[in-house]
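I opened the model today to look up some strand pairing and some charged contacts. My notes follow the structure.

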Amino acid sequence: MSAATIKRCAVIGGGIIGVAVARELANKLDGVQVTIYEKEDRLAAHQTGHNSGVVHAGLYYEPGGLKARLCRRGVDLLQDFCAAKNLPYGACGKLVIAQTATENKRLEAIFARALANGVPGARMLTGEQISEVEPNAVGLSALHSPETAIVDYAAITNALAEDVRRQGGTIRLGQEVTSLEHRGAGVVVRTKGGEEIHDVVVACAGLQSDRLAHAAGEPGTPRIVPFFGQYFLLGPESRDQVKGLIYPVPDPKHPFLGVHLTKRIDGEMMLGPNAFISFGRESYTWNRVSVRDIANYALFPGFWNFAGHNVPSAIREFRTVVSKKRFIREAMRFVPSLDGADILPGTRGVRAQAMNSDGSLVDDFVIARRRNMVLVRNAPSPGATSSLAIAEYIVEQALQD
């Protein structure tokens, strides 16, 4: 579609990716009217406002893949944006620590990826060198990423929204989009309050992305299966025992990373998250249960295929769900001095995990185009890190003839 013919654009979803896309549309298209539809009463209400705040450097991702490319571009854009808006950006650094020879071999492969992706300053450390970066940490070896950083993604989203409003855009809170439909040369955006036609629509619906895509005529898979992640906070007396971020080496036998230690931009130190099936896509407390969401994955064959192949992982994660001692024991593998530390309840997030019909997890970003609609089907970590780069990529897609 020619940029000159686009006058009205809609973005569905007020998380960081949706708001970044709206800002990019307003920047790229002169005189365009951009409208953000967000079903909650505030922006960044779901994944954006419940994540760890890490700006990932690009260590793990397949070189040349969409994740790797958009992550590295996203870091640069995010850093520049925070500097321009006077938002906090803390390059606290990260260690990925191996405890065994097997983990060390996997860590060397991650290091090779980091070099291929151009991660600045990435280097391997011996066990003796670990204490030079993290005095209380232990391990056989480690990968150090000194420029991995932390931010406040909700604050960044609100700053992006200010730019959208400043350029004449509209943000409609409490407006849940129920369907999208092509009509003539436009797209009908339908809410409970009525409908409007736009020239271009971009759906960044996160936890509801598969439902909205299906309502727009797209296939029902990949399906979103929600997994919650619980965080705990170290008590004030133990907060300074860790200076930055400490992560385990990913284990291919487990689909999720496991407990790690993450410094937060406000100075708190988080432990977590674990990962276990959630009783709702937006269930941030134990007592919030959605029968509809449970039925959605319970009747999905892909979920049972996934579950059948990941029983050991489910047991590992369940132990950290029911036992706070087990939770901190996982962290103590890397920082033994946390023994006896006070652990306080932290936040809970819900991951929008995209799953194929065979039960395999979708790893890379999935961004589909349907005529003058662009649908973000999967934007896992490092989605927030990559948000400004994803916005560039999506707007380029939307403007292609």
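I started with Val-189 and looked up its bridge partner in strand 11, which is Glu-196. Strands here are DSSP runs of E with at least two residues, and they are numbered from the N terminus. Strand 10 covers residues 186–191 and runs antiparallel to strand 11, with five bridges joining them. I count two strands as paired if DSSP finds at least two bridges between them.

Note on the source: this is a predicted model, where local features need pLDDT of at least 70, side-chain atom pairs count only at pLDDT 80 or more, and totals for chains, interfaces and linings use all residues. Numbering starts from 1 along each chain as its sequence is written, and side-chain values use heavy atoms, with hydrogens and water left out.

Next I zoomed out to the sheet. It is open, has three strands in the order 9-10-11, and its pairing is antiparallel. Strand 9 (177–183) and strand 11 (194–198) are the edges, as each pairs on one side only. I noted an average twist of 20° from one strand to the next; the axes are lines fitted to C-alpha atoms, and angles run from 0 to 180 degrees between N-to-C directions.

Back to Glu-196: what does it form a salt bridge with? The partner is Arg-8, and the closest N and O atoms are 2.8 Å apart. Arg-8 sits in strand 1 (residues 8–12) and Glu-196 in strand 11, so this pair ties together parts 188 residues apart in sequence. My cut-off for a salt bridge is a side-chain nitrogen of Lys or Arg within 4 Å of a carboxyl oxygen of Asp or Glu.

Are the two ends buried or exposed? Glu-196 counts as partly exposed at 24% relative accessibility, and Arg-8 also counts as partly exposed, at 31%. For the record, buried is under 20% relative accessible area, exposed is over 50%, and partly exposed is in between (1.4 Å probe, protein chains only).

I then checked Arg-239, which forms a salt bridge with Glu-268 at 3.4 Å between the closest N and O atoms. Arg-239 is in the loop between strand 13 (223–234) and strand 14 (245–248), and Glu-268 is in the loop between strand 15 (260–263) and strand 16 (269–272), so the pair ties together parts 29 residues apart in sequence. Glu-268 is buried at 19%, while Arg-239 is partly exposed at 24%.

Last entry: the structure holds 22 salt bridges. I also found a network of them linking Arg-23, Lys-85, Asp-163 and Arg-166.

Notes. Helix = DSSP H or I, 4+ residues; strand = E, 2+ residues; numbered from the N terminus.
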